[in-house]
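Biologist: I'm new to this protein and would love a close look at one part of it. Could you walk me through it?

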Amino acid sequence: MTGAVASVQEKDEVARQYSSVDMLLQGRASGLQVVGNSGSPGGAVSVRIRGTNSLRGNNEPLYVVDGVIISTAGTDVSDPSTDANEIQAPQNGLTGLNPRDIEKIEVLKDASATAIYGSRGANGVVMITTKSGSQREKGKATVNAYGTAEWNVMSRKMDLLDGVGFANYQNERSILDGFKPGYHVDGGQVYALTYDADENPIIGEAAYQQVNWQDEIYEMSMSHNEGVSINGGSEKGNYYFSAGFSDQKGIVETTRIKRADLRLNLTRDLSTKLKMDTRFSMMYQDGTFAQAGSKSGGNRSFTKQILSYRPLIGQDENEEDLDLEISNPYAWMTDFDDKTKELRLNTAVSFTYEIVKGLKYKINGGLDYRKKDRSKFYDVGVFVGQKENGLANYTYLDRYSYVVDNLLMYNKKLNNIHQINAVAGVTYDGVSTTNKLYEVANFPDKSLRADYPQAGQTVYRPFSLLSAEEGIFSLLGRVNYSFRDKYVVTASYRADQSTKFREGNQWGYYPAMAMAWRVMEEPFIKNMNVFHNLKFRVGWGLTGNQAISPYQTLGTYSTAYYVGAQNSTLIGNVPARIPNPDLTWETSEQYNAGLDMGFFDGRLSATLDVYYKTTEDLLQEIELGPSNGVSSMFVNRGTIKNQGVELAIDGIVYDKNDFTIDLGGHISFNSNEVSDLGLDPTTVWVDGKESQEVLYYGGNVSTGTYFKQPANIFMEGQAIGMFWGWKTNGIYQDVDAATAGPNFNGNANQAGDVIFVDQNGDGNIDDLDKTFIGNPNPDFTYGFSANFRYKRLSLRMLFDGVYGNDIVNGYNMELAYAEGLGKNVLKEAYEQAWRPDAPSNTYPRVGYSYNEYLSDRIVEDGSYFRLNNLTIGYDIPMDWTSSLSNIHIYASGKNLFTITDYSGYNPQITSFLNDGTIMGVDWIGTPDVQTYLIGMNITF
């Protein structure tokens with residue numbers, strides 16, 4: 001091996017605890033950063049290998065299962081909503097592969113390892129090999145049955161005002177505005193407070209019900225998982241069969257996924273020269289995903305409503321909005337559906353024929369088919385449904401990904417000195433995608449909800465069919481040469497032709513070379529008696545990225561609808577984009593140097609890698625002025641850099657008297673920089689100094705009142721996605737200080753207002769005073785494991801963490817300000833608010849409302865250290881039976897504790913995983929969970 005490759009293998013009892021492959025990778029290999037939330041079944045997951053490689057394109061690695069390329073975690077159904085203020089919550093696109101069926105995972109990280117995959121490998125490659133059969137005894141199969149039960153509980157809560165605190169908060173705000181209090185508090189109870197014609201107070205007869213919505217909505221859930229596998233073989237072949245079923249429930253009652261899967265792997269020697277290998281898997285799942293709701297925030301978000309809705313409910317006739325079926329979180333459980341059904345098939349068939357000894361021909365064909373239906377219905381109890389008198393939208397995905405490989409393989413050893421391993425091939429892989437979209441509103445009859453779309457009287461999106469085809473034709477070759485098993489050279493070359501680009505720009509050429517020196521074989525090293533293994537590696541290579549939607553180089557049209565003179569609908573076609581015929585590949589060049597070491601007869605091993613990577617001709621989506629008729633277009637422009645160091649250590653610390661201790665750990669440092677954007681300089685103020693910088697801003701976080709602005713800036717010479725906003729310096733403590741301070745967008749300050757730093761000194765706080773307020777990129781990521789075994793008892797622990805990154809806590813744009821609206825806030829935001837008789841330098845005054853702007857007040861340290869997994873197992877003695885081979889029982893916990901200063905639900909933020917223009921922003925991240933599991937594995 002000459003490239004940078006990390007291998008991941010897990011015990012069956014651990015692998016079965018994860019619902020997707022990407023989550024299984026978390027914390028288990030250097031150079032990987034995996035972000036996902038186990039508290040949201042079916043939610044999106046993101047994997048980064050050696051940092052961010054593209055500013056606009058896809059950053060997810062290539063997944064190859066038994067030689068078949070499958071869609072990444074970011075591939076999902078299209079958003080059918082026509083509402084510009086609605087943002088569909090993403091779901092995981094990497095479904096259909098059960099971690100229990102995985103034999104091993106290899107993560108290819110550097111260009112010399114990934115270049116054979118050409119443009120597909122620009123973001124790294126995750127190679128997955130599923131299990132094959134094995135022959136235990138001649139003609140006898142091995143049967144394995146298992147079952148697990150797990151319980152999920154909310155791992156942390158936000159400290160909000162209770163009913164009494166909320167009533168006091170609302171009363172104080174009313175008095176400050178010159179109105180009378182609306183609540184009466186007595187003995188821990190809250191009553192409505194009204195007034196007669198003479199302004200005498202009238203106290204309501206019945207107390208309000210006080211509700212902690214986090215306790216009320218998020219509840220302990222129970223899930224279960226069962227399955228069986230059968231494997232065996234003979235001299236001419238082997239087989240592996242598995243079947244499983246899981247019923248996974250979220251901590252919200254209406255969130256649930258039922259999944260069934262099958263796998264059959266067969267290998268067979270058809271003759272002495274011809275071998276067949278077939279792999280087939282099928283998965284079907286049916287789920288409801290009401291836990292996330294919309295990413296838009298405000299009244300459209302289930303998560304936001306749980307946090308901000310008032311903790312008082314009752315039947316007061318003057319407060320109809322408190323009715324349980326109008327707008328509080330209960331309505332999201334009764335009046336909102338987000339249902340998904342998905343079928344996935346993955347198959348691969350290969351035939352290998354030995355032409356002569358050492359020379360083989362292999363043809364491989366593979367298909368990954370995914371069919372997914374997702375429908376959402378909003379009844380009148382939630383904001384969107386109330387506005388539209390019921391709204392339903394539908395999206396359907398049919399996706400075929402297929403590959404055909406023709407490979408000629410040569411493997412020969414000459415005179416026990418020279419070893420040659422070579423492959424040459426022609427491949428073609430393509431993707432055919434069809435999305436069907438439909439949206440209707442205004443339902444007189446809502447009883448059948450989304451199952452009765454013909455009841456919608458208003459068609460917002462007529463049934464739309466969106467199809468796309470793409471393909472890559474490739475020529476490839478690779479040669480490995482070894483001299484005396486001491487010096488190894490690998491050279492590869494791949495040429496890719498993509499249908500996404502116009503003729504003249506379709507081809508990308510990707511050479512790579514790597515060398516390894518097994519220094520251990522040198523006599524002067526052997527004689528030292530220090531090393532068990534010592535190998536030095538260097539590599540260089542080019543890879544490409546063409547991860548944009550098809551047809552960006554063509555002038556396509558979309559449908560527009562107009563109202564005719566007879567009040568009829570007229571259909572027209574309008575340009576959908578401005579084509580760019582010059583679009584071509586992003587190209588990444590990477591250098592890698594590595595050192596592999598082993599000590600104490602292999603009991604201790606270590607791997608060190610150093611890399612430097614540049615990506616040029618970035619595929620960027622630039623904004624256009626309104627006069628163009630379209631809002632943006634793609635161009636090739638810009639360069640980014642990534643460089644880093646990775647270290648992994650594994651060792652057997654103790655192995656005596658039936659007692660074994662294994663320890664392992666890894667740490668990865670990565671830094672990035674925007675080197676070139678190809679834009680004109682812009683005047684900005686950075687830390688009080690005027691400068692000319694080349695930059696562009698990221699995407700707006702929200703479509704509503706709060707956070708309708710970018711959080712990130714991409715500036716030459718700076719790290720990717722730096723946070724850009726206002727710096728603050730405490731709270732104005734008195735009127736004189738407030739008067740002397742700079743105005744805010746032309747408005748005078750009051751005592752108790754936030755002090756914003758006037759970067760340019762012009763006496764007014766505006767966009768020119770924004771500057772760097774944080775960095776979403778971590779200094780390093782790390783993980784380590786500890787495995788103990790004493791006779792039949794085993795204990796496995798996995799820890800992971802991130803250090804040095806910042807997070808914009810979007811929740812606190814509302815929750816951390818007692819602005820006086822009828823929404824709940826953090827307990828300390830009200831209790832520690834500035835008051836004339838109780839000055840505070842922590843939170844502004846009650847009624848302060850300049851909180852919809854991004855400042856460093858909501859930027860927090862995102863570092864964390866987590867016990868990812870702990871599993872205790874025991875092998876029951878088999879002396880009492882001859883029909884069973886093994887019974888293994890185990891108990892496990894996931895996310896048992898997290899040490900972090902971040903005040904949000906989860907420092908692993910998941911709001912905008914697949915949007916490269918929004919980084920490090922926690923906008924509607926759902927709560928994470930702790931999982932407790934018991935399981936049994938029986939082998940016959």
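Which does Tyr-361 count as: buried, partly exposed or exposed?

Modeller: Happy to help! This is a predicted model, so local features need pLDDT of at least 70 and side-chain atom pairs count only at pLDDT 80 or more, while totals for chains, interfaces and linings use all residues. Residues are numbered from 1 along each chain as its sequence is written, and side-chain values use heavy atoms, leaving out hydrogens and water.

Tyr-361 counts as partly exposed, because its relative accessibility is 32%; buried means under 20%, exposed over 50%, and partly exposed in between (1.4 Å probe, protein chains only). Tyr-361 lies in strand β19, where a strand is a DSSP run of E with at least two residues, numbered from the N terminus.

Tyr-361 also belongs to a nonpolar surface patch, together with Leu-270, Val-349, Phe-351, Tyr-353, Ile-355, Val-356, Ile-363, Val-404 and Leu-408. Patch members have over 30% relative accessible area and no salt bridge (a side-chain nitrogen of Lys or Arg within 4 Å of a carboxyl oxygen of Asp or Glu). Nonpolar side chains (Val, Leu, Ile, Met, Phe, Trp, Tyr) are joined within 5 Å, and like charges within 9 Å. The accessible area of this patch is about 760 Å² together, from the Shrake-Rupley method with a 1.4 Å probe, counting only the protein chains shown as cover for residues.

Which strands build the patch? β18 (336-356), β19 (359-378) and β20 (391-414) each give two or more residues. Of the contributors, β18 gives the most, with five residues.

Methods. Helix = DSSP H or I, 4+ residues; strand = E, 2+ residues; numbered from the N terminus.
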